[in-house]
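Trainee: I'm new to this one and would like to talk through how its features get their labels. Can we start with the strands and go on from there?

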Amino acid sequence: MDMAHGKRVVSPRWTEQVPMRDGVRLATEVWLPREEGRFPTLIHRTPYDRRLLINFSEPLTPSIFRLLDAGYAVIHQDLRGTGDSEGEFVPSLNDRTDGPDTIDWVTRQDWSDGSTGMFGSSFDGFVQWDAAYEGAEGLRAIAPVTSSADRYKGGWYSAGGGFSLNTAHMWTAAQTAALVARSLTSAPDAERPALEARVENLVSEVAEPKESLESMPWRDAPAFQESPWWAAWADHPARDDYWQNHGAADRIDQIQVPALIITGWYDLFCNVDLGAFQRLRESGASEDVRGGSRLVVGPWHHGYTEGRYPDRSFTHRGDASMMDLSTTFVAFYDRWLREKKDSLDGVAPVKLFVMGINEWRDELSWPLPDTKYVDYFLSSTSGARSVNGDGKLSSADPAADGIDMFVCDPQDPVLTRGGRSLFHSGEYQPTGPANQAEIEQRGDVLCYSTSPLDDPIEVTGAVEIRLHVQTSARDTDFHAKLVDVYPDGRAILLTEGMLRLRYRDSLESPSLATPGETYEITVEVGCTSNVFLPGHQIRVEIAGSNFPRYDRNTNTGGHIAAESAAEAIVADNSVLHGPSHPSRLVLPIIDRQ
């Protein structure tokens, strides 16, 4: 049938219940171009109700109008147990089979020409990676937007082993509320009041999460006791088989279809996205994958593409930092679904937004081929605690040994200000490039800064900090932030990361620390692209927490998710620096004078 959208008549559209291999049927909405024929098909699979996510505009995923006008059929499907689909929803449990089954169904329809691609953002990108590494017959290309091939590092935990508490908490509350609301349609009258109260409680968790976020142990948060995944996430804090079997991160070299990866410098999946692109280009299973994959990175955070934030905005030639992504999508699909070999001519493998100078730039690869990694050594004389100390960063070799001490107190954590949380909540401030000036006044935050710069310095790539550390505890956390300090005193966050000390050698095999022993650790601070302008300073902050972006370490060496506030202890932590212990920030410098 046809439907009206404004003044436009939209193409034929209907919904079918498509059976999976185990008989569970998934609600699948089909949109066809108005002309007759067989079409390449683009598939969007989502747990968020297909009817709510049909895209008529053009933020980060392509407009359905642009796709239909380009001659593509479009599929919107509710994942198992969501929307109008049958079955039970458990994140990532069935997507490795349901995705290929859906693709197989599409290729057998009389309106299909047998070739398919996929699109979608966030969780809707997870399912694309699953279908790609399963080698679904008929799949020709994927386009995961602000998503991740690694559920552990990119979503619910981090590259340093900390639990992404705020993201996981609010996503679970919102998704569980939708699932409970769905059950209301078939619930007996006697059960409806309790279910309605449950939905109301979960919705309040999204709007007012502070009390639940601050409760310990977080595994026992009352709102999530009926969630089929919350306890499993809590009980698998290491990157064990549970996580390795969820996602394509360990199997990227098996993927045989090219990917268009789109992300943002402040997106929580950014670092994993960039790593996946690098691996596709270096070790993808075919020349099409290695040569045909594309990457776009803007100054965006998850689901927000304007590039305007309260503390720092990014515009390009006076306009918002957005770009015409639908044209990029269509060209990419034309190349791989229609085999138009010239459709990507002139489209660089990498397009990224360089902050500071606010320019889009085309590149040939990631990391950039002319990257020079430069050490900036940490030092202090009287101490680096807070911005009022004398912590320094310098590319010159350190002159004298020193030590800076700070506490990691689970009862008084350093609060999140901006960064890569999926959601923002109340006093914890929005995501993105937030001003850290207030945080830097704390005595448990170490600050190391360069002198004001005489010349611009471009940092584009993955940032690391290598620290020589000691602790009084069996386990503790080291958090690091890279900050662009303006002449007016604003300290704008660029990227952040952390390491839970038990994971210093491996995310798979944790090892507790010996109190008082010195360890050299590497904290993955994350990826960025920023020009530090003359008069600005480069700063790194080090602290024991970043809450609720990550959960608080109880410092006992026990099962953090299950420990109460009464069990938590204060850790006395130290950063050693100087010739004997050269703690240093490693910056990827681009110098193209």
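**Strands, rings and a pocket**

Mentor: Sure, and keep in mind that the model is predicted. Start with W31, which stands opposite V74 in β6. On another strand, W31 in β4 is the bridge partner of R13.

Trainee: What makes β4 and β6 a pair of strands?

Mentor: Pairing needs at least two bridges. Strand β6 (residues 73–78) is joined to β4 by 4 bridges, and the two run antiparallel, so they count as paired. β3 (residues 13–19) and β4 also run antiparallel, with 7 bridges, so that pair passes as well.

Trainee: What lies between β3 and β4?

Mentor: The two form a hairpin with 5 residues between them, and G23 in the turn has a positive phi of about 95°.

Trainee: Why is β4 called largely enclosed?

Mentor: Buried means under 20% relative accessible area. In β4 (residues 25–31), 6 of the 7 residues are buried, so the strand is largely enclosed by the rest of the structure.

Trainee: On to the rings. Why is the pair of W156 and W171 called tilted?

Mentor: Centres must lie within 6.5 Å, and tilted covers planes that are neither under 30 degrees apart nor over 60. Here the centres are 5.0 Å apart and the planes are at 45°, so the pair is tilted. W156 sits in helix α4 and W171 in helix α5 (residues 165–183), 15 residues apart, so the pair links distant parts of the chain.

Trainee: How do you know whether W156 is buried or exposed?

Mentor: Its relative accessible area is 6%, and the cut-off for buried is under 20%, so W156 is buried. W171 is buried too, with a relative accessible area of 6%.

Trainee: And what makes Y309 and F314 edge-to-face?

Mentor: Edge-to-face needs planes over 60 degrees apart. Their planes are at 75° and their centres 6.2 Å apart, so the label fits. Both residues are buried.

Trainee: Which residue has its charged end over the ring of W336?

Mentor: That's R335, 4.0 Å from the ring centre. Likewise, R490 lies over the face of Y486, at 4.1 Å from the ring centre. The distance limit is 6 Å, so both are within it.

Trainee: Last one: how big is the largest pocket?

Mentor: Its volume is about 740 Å³. Of its 39 lining residues, the closest to the centre are K153, A159, N271, V272 and E524. Helix α10 gives the largest share of the lining, 8 residues. By type, the lining divides into 18 nonpolar, 10 polar and 11 charged.

How values were computed. Residues are numbered from 1 along each chain as its sequence is written. This is a predicted model: local features need pLDDT of at least 70, side-chain atom pairs count only at pLDDT 80 or more; totals for chains, interfaces and linings use all residues. Side-chain values use heavy atoms; hydrogens and water are left out. On a 1 Å grid over the protein atoms alone, a cavity is a set of points where a 1.4 Å probe fits but cannot get out, and a pocket is an open set with protein on both sides within 12 Å along at least five of seven lines; lining residues have an atom within 4 Å of a point. Grid points are joined across faces, edges and corners, and a volume is the space filled by probe spheres set on the points. Ala, Val, Leu, Ile, Met, Phe, Trp, Tyr, Cys and Pro count as nonpolar, Asp, Glu, Lys and Arg as charged, and the others, Gly among them, as polar. Rings of Phe, Tyr and Trp (its six-membered ring) pair if their centres lie within 6.5 Å; planes under 30 degrees apart count as stacked, over 60 as edge-to-face and the rest as tilted. Buried means under 20% relative accessible area, exposed over 50%, partly exposed in between (1.4 Å probe, protein chains only). A charge sits over a ring if NZ of Lys or CZ of Arg is within 6 Å of the ring centre and within 35 degrees of the ring normal.
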